[in-house]
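Me: Hey, can you walk me through this structure? I'd like to go bit by bit.

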Amino acid sequence: MQIVTYDPRYRSDFERLNRAWLETYFRPEPADEKLFRDPQAMILKPGGEIFFAIDDERAVGTCALIPHGPNVYELAKMGVDPTAQGRGIGAALLDAALAWACSHAASKVVLMSSRKLETALRLYRRFGFVETPLPEALLGAYSRCDVYMELPLAEGSGPG
């Protein structure tokens with residue numbers, strides 16, 4: 001398995017992998033649909049990145065870093081194919097995303113999640129993310145989100 005950055009041939013996998021968990025636990029919201037429609041414009045063009053876990057030439061996991069102000073990125077849209085879960089793919093994606101954030105002078109990575117996603121929350125905590133109150137500017141961004149976490153990055157630091 002390898003982690004790669006965005007390649008247009010995996011564009012549909014970004015949506016497929018995220019729809020799988022969204023439709024299992026929730027339902028896609030307008031903000032999700034906007035990202036799925038044009039991830040290049042919504043994530044890459046503003047200075048973010050999309051990562052894919054590739055196993056045997058097939059995308060089995062994905063996540064994105066979306067810019068949220070100076071030196072802050074949001075970890076978003078992390079999903080792993082149900083048939084590939086339990087193999088450390090989420091951790092490998094998070095490792096790659098945090099390394100990329102550090103190499104792009106990020107001072108902090110933030111995320112929004114749900115208490116329903118216990119496995120994901122355990123992973124985030126293992127990497128050092130700490131739950132904090134949701135900033136007012138993000139209230140209502142997603143109806144499913146009841147957890148906001150931050151990971152401060154020291155200058156020149158590497159990931160977990």
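Reply: Sure. One term to start with: a residue counts as buried under 20% relative accessible area, exposed over 50%, and partly exposed in between. Also keep in mind that this is a predicted model.

Me: OK, let's try that out. Is E57 buried or exposed?

Reply: E57 has 74% relative accessibility, so it counts as exposed, since the cut-off is over 50%.

Me: Where does E57 sit?

Reply: E57 is in the loop between β2 and β3, and β3 covers residues 58–67.

Me: What's phi doing at E57?

Reply: Phi of E57 is near 65°, which is a positive value in a residue other than glycine. K77 is another case, with phi near 50°.

Me: And where is K77, and is it buried or exposed?

Reply: K77 is found in strand β4. Its relative accessibility is 7%, so K77 counts as buried.

Me: Switching topic. How many salt bridges are there?

Reply: A search of the whole structure finds 12 salt bridges.

Me: Which residue does D55 pair with?

Reply: D55 forms a salt bridge with R87, and their closest N and O atoms are 2.7 Å apart. The pair links distant parts of the chain, with the two positions 32 residues apart in numbering. D55 is in strand β2 (residues 49–55), while R87 is in the loop between β4 (72–80) and α4 (89–103).

Me: How exposed are D55 and R87?

Reply: D55 is partly exposed, with a relative accessible area of 25%. R87 is partly exposed too, at 46%.

Me: What about D7, who's its partner?

Reply: D7 forms a salt bridge with R9, and the closest N and O atoms are 3.2 Å apart. D7 is partly exposed, with a relative accessible area of 25%, whereas R9 is exposed at 60%.

Me: And R125?

Reply: R125 forms a salt bridge with E131, with the closest N and O atoms 3.8 Å apart. R125 counts as partly exposed at 42% relative accessibility, and E131 is partly exposed at 35%.

Me: Which residues are linked in a network of salt bridges?

Reply: D13, R16, R58 and D81 are linked in one.

Me: Helices next. How do people describe two packed helices?

Reply: By the angle between their axes and the distance between the axes.

Me: So what are the angle and axis distance for α1 and α2?

Reply: Helix α1 (residues 11–25) and helix α2 (residues 30–37) pack at an angle of about 160°, with their axes 9 Å apart. That makes α1 roughly antiparallel to α2, because the angle is over 145 degrees. The crossing of α1 and α2 is left-handed.

Me: Which residues meet there?

Reply: On the α1 side they are R11, F14, E15, N18, R19 and L22. On the α2 side they are D32, E33, L35, F36 and R37. The residues of this contact divide into 4 nonpolar, 1 polar and 6 charged.

Me: What about α4 and α5, what's their angle?

Reply: α4 and helix α5 (residues 118–126) pack at about 45°, with axes 11 Å apart. They are therefore oblique to each other. The crossing of α4 and α5 is right-handed.

Me: Which residues make the contact of α4 with α5?

Reply: G90, A91 and L94 of α4, with L123, Y124 and R126 of α5. Those residues divide into 4 nonpolar, 1 polar and 1 charged.

Me: Tell me about Y124. Buried or exposed?

Reply: Y124 is buried, at 8% relative accessibility. Leaving out residues up to four places away in sequence, Y124 touches L75, M78, L94, L111, S113, F129 and M149.

Me: L111 is on that list. Where is L111, and what does it touch?

Reply: L111 is in strand β5 (residues 108–113). With residues up to four places away in sequence not counted, L111 touches E74, L75, Y124, F129, V147, Y148 and M149. L111 counts as buried, with 1% relative accessibility.

Me: Last one: how far apart are the C-alpha atoms of L111 and K77?

Reply: They are separated by 9.7 Å, while the two residues are 34 residues apart along the chain.

Technical notes. Residues numbered from 1 in each chain as written. Predicted model: local features only at pLDDT ≥ 70, side-chain atom pairs only at ≥ 80, totals over all residues. Heavy atoms only, no water. Salt bridge = Lys/Arg side-chain N within 4 Å of Asp/Glu carboxyl O. Buried < 20%, exposed > 50% of the residue type's maximum accessible area, 1.4 Å probe, protein only. Helix = DSSP H or I, 4+ residues; strand = E, 2+ residues; numbered from the N terminus. Axes fitted to C-alpha atoms, helices over the stretch in contact; angles between N-to-C directions. Parallel < 35°, antiparallel > 145°, perpendicular 65-115°, else oblique. Left-handed = near helix turned anticlockwise from the far one by under 90°. Contact = heavy atoms within 4.5 Å. Nonpolar A, V, L, I, M, F, W, Y, C, P; charged D, E, K, R; others polar.
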